[in-house]
Amino acid sequence: MADGHGHSRYVKLTKDQGPVDDITPGELNQPIQVPQLNVHRCVECGQVLPESYEPPADEDWATGIFGCFEDAESCYTGFFCPCVLFGRNIETLRDDIPWTNACVCHAMCIEGGMALAAATALFHGIDPRTSFLICESLFFAWWMCGIYTGLFRQSLQKKYHLKNSPCDPCLVHCCFHWCALCQEHREMKNHLSDNAETSMTVISPPQTQEMNTGENRESATAPSTGNEGHTNLELQPV
């Protein structure tokens, strides 16, 4: 310790010392940029992607919006039972959702609104008192058609990297609902057929080996000849 007359390397704090400069709250808690943590991750699974990775460009649909007659089965199903076709499309895209749940939701929201409007006009006629209810039912069906089925089309485009064709997914279903359902069914059908062809492995069976009759006799007599010679050697007297 230094005495009272010498200089000390310690700082003596007193009550008369001036106040320290004010620190802004949160100034010392600023985030630190770590280059190793700034990595690109997959939106679907969160897997780390390399720096040179570039997302694939959006592709065109395999068929057009008005190509319904290219697949007769989906065309008839989509025209007479659109809820069934929508349920099948949902089940193909999402394994965790059965097609019956999507079919019932489509039937209640879209076909239900149209049926309510038709029943009101049939039993009560079209007058100022019932026109509001009819318009409200049709608007509800049209709104649910664009939102509910448009979100499914958007997820389909995101999965297969497809462009907006011909416009926004929700607007497509609002204007061309039946055609959009058929187009989505054809698109998934084409992608599933392509995946099945690429994943198919052809395994050729091994060649059949045949032995001639002469080779069988020689192989059978060879050990017996060796045994007779050995027996003769043992029986010879010493």
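**Exercise 1. Work out what share of the chain is buried, and how its contacts spread along the sequence.**

Step 1. Of the 238 residues, 24% count as buried, where buried means under 20% relative accessible area, exposed over 50%, and partly exposed in between (1.4 Å probe, protein chains only).

Step 2. Keep in mind that this is a predicted model: local features need pLDDT of at least 70, side-chain atom pairs count only at pLDDT 80 or more, and totals for chains, interfaces and linings use all residues. Residues are numbered from 1 along each chain as its sequence is written, and side-chain values use heavy atoms, with hydrogens and water left out.

Step 3. Now take the contacts (heavy atoms within 4.5 Å). Among those in the chain with a separation of 6 or more, 65% join residues 24 or more positions apart.

**Exercise 2. Trace the secondary structure and locate the annotated spans.**

Step 1. Count seven helices and two strands; these are DSSP runs, numbered from the N terminus (helices H or I, at least four residues; strands E, at least two).

Step 2. Along the sequence, the pattern reads β-β-α-α-α-α-α-α-α.

Step 3. The unreviewed UniProt entry annotates residues 103–124 and 130–151 as "transmembrane region"; such annotations may be inferred rather than shown by experiment.

Step 4. Check each span in the model: residues 103–124 are 100% helix, with end C-alpha atoms 29 Å apart. Residues 130–151 are also 100% helix, and their end C-alpha atoms lie 32 Å apart.

**Exercise 3. Describe helix α2 and the largest nonpolar core.**

Step 1. Helix α2 covers residues 82–93 and reaches 17 Å from its first C-alpha to its last, close to the 16 Å expected at 1.5 Å a residue (1.5 Å times one less than the number of residues).

Step 2. Nine of the twelve residues of α2 are buried, including Phe86, Asn89, Ile90 and Leu93.

Step 3. The largest nonpolar core has 19 residues; such a core is a set of buried Ala, Val, Leu, Ile, Met, Phe, Trp, Tyr and Cys residues joined through side-chain atoms within 4.5 Å. Phe86, Phe152, Leu156 and Met188 have the most contacts inside this core.

Step 4. The elements giving two or more residues to this core are α2, α4 (128–160) and α6 (177–199), and α6 gives the most, with five.

Step 5. Finish with Phe152: leaving out residues up to four places away in sequence, Phe152 touches Phe86, Asn89, Ile90, Leu93, Glu184 and Met188.
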